[in-house]
Amino acid sequence: MSTLEDRYRRLLACYPAAHREAHGREMLDVLLSAARPGQTRPSLADTADLLLGAVRIRFRRALSGAGTSLWPDALAITGFLTTLLLVAEAARFAVNIPQLAQLSADRGPILEYGLVYDFGTGPYWLAWMVIAVLAWRGRRRPAATTACAVTAVHAVLAVYGTTFPHGPGASVGASLASVPLPLALLATASLLASPGPRRGARLLGRARIAAAAAMAGILVAFNSLPFFTLAFQGDLGKPNAPTRQISAFPQIWNMLGVAVVATAAVLAAIALARTREGRRACALLAPAVAPFLLPFTIFTTTAGDPVILPNLLAKCLIGFAVTMGCIRLVEMPMRARDADRSSV
């Protein structure tokens, strides 16, 4: 056995046994026939493609269960909606640019810090815009590869920013260690282990896509700096406004933001609850909503400060578990009726 063949076999061992039995020999023959003369190692592109294919197939098998396609379709719907929300976040960043530029200019001597703090996430949002375009045009492989790379960097930055909050550029990573992280993970998983966001869009239909886009637009507008400034410039912004009232405004605004997110989540759940795959999409989307709706802290340091990433993970798991429990309770009578009909 040649060295190259042996190394290709090691990569193919990442695939499930049933897949190797059905397609392993054919895949190996194709890889060896495409190899260059004298080649002794798989190319980086072939290695990445084989590993990505193995991950995608194993995810599909794990999520689909015994012969059912509910979870892949649910993940496809989730992928479309999470990608839409990431694009909406990119739009919010773009809307904020004029005010962010002014804030950076006002910092004067610390302009360089201001540019990093205010615009450090710009390349991240641009990358997700590119991923969304690639996925929508049907270019799944480059979209999935780019999403994996961007999400891996995202995770590393989030760990760095929360572990070393005073390190260089830590503010960029810390700003991403929140809802964008589960959104990015779900969107990436959809590209790897589901029919893709285009399939999710077909399952949703035009009416629900339009409703989702409208809700995303409302969230962008409400959470943008221009809208916040416009609201703040009312009576609160006058020189004679009470100091207590001015200091309370951001807290009131945060409460309104939670209410808006909760309303969007309820409307989305109502729209998706009509189908079994839609209900499972609700469970997959719950980790992205739970951090907004669960304001309490679970893990703290000895000094009493919250530990950001463990808290985020715990809230995501709680959101998924609670939502999935509700779905099971809703579907139990349906299963009982189906069992009764099959026994007649």
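1. In this predicted model, F296, I298, F299, I318 and V322 together form a nonpolar patch on the surface, with an area of about 410 Å². One of these residues, V322, belongs to helix α14, which spans residues 308-343. Another member of the patch, F296, also takes part in a contact with a charge: the charged end of K315 is placed over the F296 ring, 5.9 Å from its centre.

2. N311 is likewise located in helix α14. Its relative accessibility is 5%, and N311 is therefore classed as buried, the limit for that class being under 20%. When neighbours within four places in sequence are set aside, N311 contacts T297, I298, F299 and P306. Of these partners, I298 and F299 are also named in the nonpolar surface patch. The C-alpha atoms of N311 and P291 are 8.6 Å apart in space, while 20 residues separate the two in sequence.

3. Aromatic pairs deserve a separate point. A pair of aromatic rings is described by the distance of the centres and the angle of the planes. The structure contains five such pairs. In one of them, the ring centres of F80 and W136 are 6.2 Å apart and the planes meet at 45 degrees, so this pair is tilted. The F80 and W136 pair connects distant parts of the chain, 56 residues apart: F80 lies in helix α4 (residues 70-106) and W136 in helix α6 (residues 122-136). F80 has a relative accessible area of 11% and is therefore buried.

4. A further pair is that of Y160 and F164, whose ring centres lie 5.9 Å apart; the planes are at 40 degrees, and the pair is therefore tilted. For both this pair and that of F80 and W136, the assignment follows because the tilted class covers angles that are neither under 30 degrees nor over 60. Is Y160 buried or exposed, or does it fall in between? With a relative accessibility of 28%, Y160 counts as partly exposed.

5. A charge over a ring is also found at W71: R280 lies over the face of W71, at 5.9 Å from the ring centre. This arrangement may be read alongside that of K315 and F296, in which the charged end of K315 sits over the ring.

Terms used
Residues are numbered from 1 along each chain as its sequence is written. This is a predicted model: local features need pLDDT of at least 70, side-chain atom pairs count only at pLDDT 80 or more; totals for chains, interfaces and linings use all residues. Side-chain values use heavy atoms; hydrogens and water are left out. Patches are made of residues with over 30% relative accessible area and no salt bridge: like charges are joined within 9 Å, nonpolar side chains (Val, Leu, Ile, Met, Phe, Trp, Tyr) within 5 Å. Accessible areas come from the Shrake-Rupley method with a 1.4 Å probe; for residues, only the protein chains shown count as cover. A salt bridge is a side-chain nitrogen of Lys or Arg within 4 Å of a carboxyl oxygen of Asp or Glu. Helices (H or I, at least four residues) and strands (E, at least two) are DSSP runs, numbered from the N terminus. Rings of Phe, Tyr and Trp (its six-membered ring) pair if their centres lie within 6.5 Å; planes under 30 degrees apart count as stacked, over 60 as edge-to-face and the rest as tilted. Buried means under 20% relative accessible area, exposed over 50%, partly exposed in between (1.4 Å probe, protein chains only). A charge sits over a ring if NZ of Lys or CZ of Arg is within 6 Å of the ring centre and within 35 degrees of the ring normal. Contact means heavy atoms within 4.5 Å.
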